Amino acid sequence: MTSDQLLFVGQKAFIDKDGEILVLTDPQLGVDLPGGKIKEGELNLAEALKREVKEETGLEIEIGKPFTTWMIEFPLDHRNQGKVFLVGYECKYISGEITLSDEHTEHKWVNKENFQELPKEGHFKAVEKYFSLT
């Protein structure tokens with residue numbers, strides 16, 4: 001039996017735009033998705049995810065249903081050190097032009113045919129699961 005452990009809870013947006021989803025590059029983690037940890041006091045999870053997406057990409061989205069969960073442990077030198085339980089949501093692009101925050105260095109829209117070209121690191125397995133269900 002394992003003991004209880006402290007961990008963070010976060011959300012990630014799988015933003016669909018014309019059959020492609022937005023993937024970001026975190027310089028230390030690798031493959032990332034818009035979203036982040038839920039902040040203390042944020043009780044409206046949809047608004048928290050919309051806030052994170054807007055801060056990181058400048059995009060407006062519509063949030064759909066959650067479809068997957070996973071855990072990730074960030075390395076000691078990463079700004080989000082620790083274990084994070086993540087919930088992935090199917091989302092739709094509404095409007096906006098991509099303007100990346102300083103948390104990410106690149107972005108790419110990927111689809112079922114080309115997502116395998118992404119590095120097999122970071123949140124790659126969650127992206128793989130998304131396309132296995134579509």
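These notes cover the nonpolar cores, one buried aspartate and the salt bridges of a predicted model.

1. The largest nonpolar core has 19 residues, and those with the most contacts inside it are F14, I21, V23, L118 and V127. Two or more residues each are given to this core by β2 (20–26), β5 (60–74), β6 (82–95) and α2 (124–133), with the largest share, 5 residues, coming from α2. A second, separate core of 12 residues includes L24, V53, Y89 and C91.

2. I21, leaving aside its neighbours within four places in sequence, is in contact with F14, I15, D16, K108, W109, V110, V127, Y130 and F131. One of these partners, D16, lies in strand β1 (residues 8–17) and counts as buried because its relative accessible area is 18%, under the 20% cut-off. With the same neighbours left aside, the contacts of D16 are I21, C91, K92, Y93 and Y130.

3. The model contains 7 salt bridges. In one of them the side chains of D32 and K12 meet at 2.8 Å, N to O, and this pair links distant parts of the chain, with D32 in strand β3 (residues 30–32) and K12 in strand β1, 20 residues apart. Both D32 and K12 are buried.

4. A network of salt bridges links E42, R51, E52 and E55. Within it, R51 pairs with E52, the closest N and O atoms being 3.4 Å apart, and with E55, where the corresponding separation is 3.2 Å. R51 and E55 both lie in helix α1 (residues 45–57), 4 residues apart, about one turn of the helix. E52 is buried, with a relative accessible area of 8%, whereas E55, at 44% relative accessibility, counts as partly exposed.

Technical notes. Residues are numbered from 1 along each chain as its sequence is written. This is a predicted model: local features need pLDDT of at least 70, side-chain atom pairs count only at pLDDT 80 or more; totals for chains, interfaces and linings use all residues. Side-chain values use heavy atoms; hydrogens and water are left out. Buried means under 20% relative accessible area, exposed over 50%, partly exposed in between (1.4 Å probe, protein chains only). Contact means heavy atoms within 4.5 Å. A nonpolar core is a set of buried Ala, Val, Leu, Ile, Met, Phe, Trp, Tyr and Cys residues joined through side-chain atoms within 4.5 Å. A salt bridge is a side-chain nitrogen of Lys or Arg within 4 Å of a carboxyl oxygen of Asp or Glu.
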